[in-house]
Protein chains: 4
Amino acid sequence: MIQEKENNRGLHRWQMQLHELIYESEKPAGKAFDVALLACILLSIVVVMLDSVASLHDRFGGFFYALEWIFTGLFTVEYILRLICIRRPQRYVFSFLGIIDLLAIIPTYLSILFVGAQSLMVLRALRLLRIFRIFRLVHFISEMRFLTVAVMNSMRKISIFILFVLTVVVILGSVIYLVEDENSGFTSIPQSVYWAIVTITTVGYGDVAPVTTAGKMIASFIMLLGYGIIAVPTGIVTTEMAIAARNRSHSNQACPSCGKEGHDHDARFCKYCGSVL
Amino acid sequence: MIQEKENNRGLHRWQMQLHELIYESEKPAGKAFDVALLACILLSIVVVMLDSVASLHDRFGGFFYALEWIFTGLFTVEYILRLICIRRPQRYVFSFLGIIDLLAIIPTYLSILFVGAQSLMVLRALRLLRIFRIFRLVHFISEMRFLTVAVMNSMRKISIFILFVLTVVVILGSVIYLVEDENSGFTSIPQSVYWAIVTITTVGYGDVAPVTTAGKMIASFIMLLGYGIIAVPTGIVTTEMAIAARNRSHSNQACPSCGKEGHDHDARFCKYCGSVL
Amino acid sequence: MIQEKENNRGLHRWQMQLHELIYESEKPAGKAFDVALLACILLSIVVVMLDSVASLHDRFGGFFYALEWIFTGLFTVEYILRLICIRRPQRYVFSFLGIIDLLAIIPTYLSILFVGAQSLMVLRALRLLRIFRIFRLVHFISEMRFLTVAVMNSMRKISIFILFVLTVVVILGSVIYLVEDENSGFTSIPQSVYWAIVTITTVGYGDVAPVTTAGKMIASFIMLLGYGIIAVPTGIVTTEMAIAARNRSHSNQACPSCGKEGHDHDARFCKYCGSVL
Amino acid sequence: MIQEKENNRGLHRWQMQLHELIYESEKPAGKAFDVALLACILLSIVVVMLDSVASLHDRFGGFFYALEWIFTGLFTVEYILRLICIRRPQRYVFSFLGIIDLLAIIPTYLSILFVGAQSLMVLRALRLLRIFRIFRLVHFISEMRFLTVAVMNSMRKISIFILFVLTVVVILGSVIYLVEDENSGFTSIPQSVYWAIVTITTVGYGDVAPVTTAGKMIASFIMLLGYGIIAVPTGIVTTEMAIAARNRSHSNQACPSCGKEGHDHDARFCKYCGSVL
């Protein structure tokens, strides 16, 4: 709270009220702003998606175009408001959410400057990343942090796993390129590696599939490997989550008389020596 | 037992006997009723399924139609019996199982009132939900509760995961719509998002598959992502189940002085009041 | 050892030697017998498999036929030997492995009695089940028991899960039959349920795939559901395995002085009160 | 450190400096060497992959050929340097990494000796295995060891699981060969077993798919089985990882009287000698 005051020092009264409206969601006004923003984001994404459907674009193209400019206008106003009610706007501009907020409005403006930029309109889908603002809204912060911590702690082990998988697909992709007929789709090593990824992840499109006996044996090996080694990242993440959950379920409090730790959060007496905690 | 008596106060003797028959399965008669009901549900589902097969419908259509009315009659009688042997029928009518029971008979009656309602006949498949009544029969209640608790506790974390997956498929679906040829099936963003879901869940129909190099690289990324992040919900559910199992394995010992439970197996002093256990 | 003696009472000396050769693998002779048997089983399976390949059948059909009779002869002799060197042959005959052993030789004899029985030759693949005899050979018994216990303990929870999955595929299969075009392969409810199973298990052949927007939305829902709920059986089995592993890693020994349990197998003193265990 | 000195005894000063450069990565020079080597490995793999693409081979074939000889030259020089700066070159030659290093250069030389060896060029993809040298670089050794230990400890249980899966696919593959039409792709038992592997691992290419009702029922069974039993290897690996993580979390405290370690965090007395910890 004090830190927040600190941050807002030097702001006018209307700036502080604006700040409260936009950046905080504890009060009804801030909550309403967040809900309205969420609705705008989702609606604008829906418009982007529907506009890409040829038949709908033909019929409602003009309407979608108008809506698009309304949303872009709203997001532009919001972006400017976010800038003027904080003390250090540059920190917001270069933050992750600030960049996303900017990317959400840039493509529409570019599309009138350059004709070729039409295809960049798809980038408006990045607006969806703004949805992660809503975690503030629904009090999922602690779950978010739990997941992030567990996934982050798993990262080093998982990156070894990914490196292992990539090595396997490159080598086995090369081997199957050697043994398989080019006519069955294994036209090059990159293509065969792509097939190996499709197979080891158990996706299995079937657009490319082995036809020779040797190819089928290698394919069977890759499939069984992919089916089995999914256990590795799962094991890693589960173990990290179990550790994170255990750490959270034990207080860090040591018994003042015997010094032992590992007490439950609701414990009032040391379970080892009976002293008051 | 006392509560049950309470519930049945004001019922006639025949109503209570009926109640025992229909709602309880401890006694042989109630068990027999449940088994007969289960058989009717399964048989009626089989009839619905077989009737949808064109060749069988042509040959046995009349027979299936007759069977359908017999089952509908039986379920209607059962529904009425359920209503008249409880003190507060309205509570049953608006309960989950009550609504399912009603949905199981409504479509057949509607099909004679409206010609267009023919297609609603498929809703009779909802009858299958009535199968969950049998848990009462096979004493799987505690396992059911264990699973429900673990899944419920995981819900907040899993909904973050689902939101993350949905964001990923919308953004990557848009990106692949941008880079892929329309002729290979990526005709619109919703279609591309559908493809991204097919890919990230490792289903991989292959009805739509990338053909450009850039598209295949994005596809490979989505596949590896989908292959890896399956670890997250698995880790969440496993951790919650482990916690649920551990809570169950807590000693049942109550503190002799304050009467509270929930002590670890190795605790020597009550963690709430400090007495020797 | 004593129990074994008991079992063999009343057998001649040559019967006991034969019993040792066939039923036990501790001694070199028994081990050699097991290895030879294993080789015969695998070879006979290979012959069955290769014989089903049309081009190989045309060229080596006679050779395969001769081999088949040699293997059948060997297995028949082995079956008879197994019978005559135990005190209660009927117990072997009706045991699981005894039935498998009989099924391994029956189809070949039937094929000369009845012409139509030719197709039963495929049943010879059941011979492969005899491979589980080798666990005796490689001392994997304790791992086998660990897995069996964990899977068995999970069975009640997993059967609820399977029932849930089956209910989901029947209901969603019926719904997609309602909304999808018959021309895209959803010709009947059983066919649609089959598709729903292909989808929820993330297999995704692609022989049947939705084409309407509503169908694709339902398909997306089934895919995400199938992708997510795989966490449930995994969580169940992992939790049971963790419990089985914990039980194995702790001795059941209670401290004679303080009565506490939970000591490691290699503990010689109580970790709570310091007494000799 | 002393052991290293021991190993290097008898080496000239320049050999020791070379050894430090090539085999150690603590010092800047060694680190730079490792990074350069890593870049060469990855670049040479990229060249191999691109060269296999027909259109690129036609345009840049000569350039790729030249690059290939440059990389082969560099790797040959590196191989020789590795040999001359250690005391026992034969130990390096027959080590895993030594064989990989040799395999990385052999195919190129063979391709000029024998015309038919052209296809062996694909073996150059094995160079990628050399990438595992980089773990030394990024200090991932402890994570690597953790994963290796957990996977190794799971091996016996997982091999039972694999044997089970193989038995299932052979038997069910034979059964579906019996019931399915040959025209739908089930032309032989090996082919049907291949299909069963594609199905049980949930890959599902769709190049072969059942068309008869009986075949679809068997397929549904295999799918649900494959979907469910993935829980088994996952459970095994997760449990082993949890044990490995717990062992690591054991207190490092050595008993002051007997010096043994491995005590639980809550142990108050040495479990080996009974002294107060």
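# A helical, multi-chain model: questions and answers

Trainee: How far apart are the end C-alpha atoms of residues 217-238 of chain A?
Mentor: Happy to help you start here, and please remember that this is a predicted model. Residues 217-238 of chain A are 95% helix and 0% strand. UniProt, in an unreviewed entry, lists this stretch among the "transmembrane region" features of chain A. From one end C-alpha atom of the span to the other, the distance is 32 Å.

Trainee: And how far apart are the end C-alpha atoms of residues 62-81 of chain A?
Mentor: The UniProt entry, which is unreviewed, also marks residues 62-81 of chain A as a "transmembrane region". In the model this span is 100% helix and 0% strand. Its end C-alpha atoms are separated by 29 Å.

Trainee: What pattern does chain A follow along the sequence?
Mentor: Start with the counts: chain A has 12 helices and 0 strands. With no strands to list, reading along the sequence gives α-α-α-α-α-α-α-α-α-α-α-α.

Trainee: Which helix of chain A has the highest mean pLDDT?
Mentor: For the whole of chain A, the average pLDDT is 82, and 81% of the residues score at least 70. At the low end of its elements is helix α1 (residues 2-8), with a mean of 50. Where pLDDT is low, the predicted coordinates should not be read in detail. At the other end, with a mean of 93, is helix α10 (residues 189-200) of chain A.

Trainee: How far apart are the centres of domain 1 and domain 2 of chain A?
Mentor: First find the two parts: domain 1 of chain A runs over 13-142, and domain 2 over 145-247. The centres, taken over C-alpha atoms, are separated by 37 Å.

Trainee: Within what arc do the buried residues of α2(C) fall?
Mentor: Helix α2 (residues 13-23) of chain C has as its buried residues Q15(C), L18(C), H19(C), I22(C) and Y23(C). Looking down the axis, they line one face of the helix, because they fall within an arc of 105 degrees. An α-helix has 3.6 residues a turn, so residues three or four places apart point the same way. For α2(C), then, the arc is 105 degrees.

Trainee: Is I22(B) buried or exposed?
Mentor: I22(B) belongs to helix α2 (residues 13-23) of chain B. Buried means under 20% relative accessible area. With a relative accessible area of 0%, I22(B) is buried.

Trainee: How far apart in space are I22(B) and L37(B)?
Mentor: L37(B) is one of the 16 residues of a second, separate core. Along the sequence, 15 residues separate I22(B) and L37(B). From C-alpha to C-alpha, they are 9.8 Å apart.

Trainee: Which residues touch the most other members of the largest nonpolar core?
Mentor: This core has 204 residues, and its largest share, 15 residues, comes from helix α9 (residues 141-179) of chain B. Take W195(C): leaving out residues up to four places away in sequence, its contacts include Y205(B), I176(C) and F186(C). The residues touching the most other members are W195(A), W195(B), W195(C) and W195(D).

Trainee: Which residue of chain D does T238(A) touch?
Mentor: T238(A) lies in helix α12 (residues 231-249) of chain A, and its relative accessible area of 4% makes T238(A) buried. Setting aside residues up to four places away in sequence, T238(A) touches several residues of chain B, including T234(B) and T238(B). From chain D, the contact is T238(D).

Trainee: What is the relative accessible area of E240(D)?
Mentor: Find E240(D) in helix α12 (residues 231-249) of chain D. Beyond its neighbours within four places in sequence, E240(D) is in contact with A150(D), N153(D), S154(D) and K157(D). E240(D) counts as buried, because its relative accessible area is 11%.

Trainee: Near what value is phi of T202(B)?
Mentor: T202(B) sits in the loop between α10 (189-200) and α11 (213-229) of chain B, and it is buried, with a relative accessible area of 7%. Most residues other than glycine have a negative phi. T202(C) has a positive phi near 60 degrees. For T202(B), phi is also positive, near 60 degrees.

Conventions:
Residues numbered from 1 in each chain as written. Chains lettered and ligands numbered in written order. Predicted model: local features only at pLDDT ≥ 70, side-chain atom pairs only at ≥ 80, totals over all residues. Heavy atoms only, no water. Domains from an automatic or database assignment. pLDDT = per-residue confidence, 0-100. Helix = DSSP H or I, 4+ residues; strand = E, 2+ residues; numbered from the N terminus. Buried < 20%, exposed > 50% of the residue type's maximum accessible area, 1.4 Å probe, protein only. Contact = heavy atoms within 4.5 Å. UniProt positions renumbered as here; feature names shortened; annotations may be inferred. Core = buried A, V, L, I, M, F, W, Y, C linked by side-chain atoms within 4.5 Å. Arc of directions from axis to C-beta.
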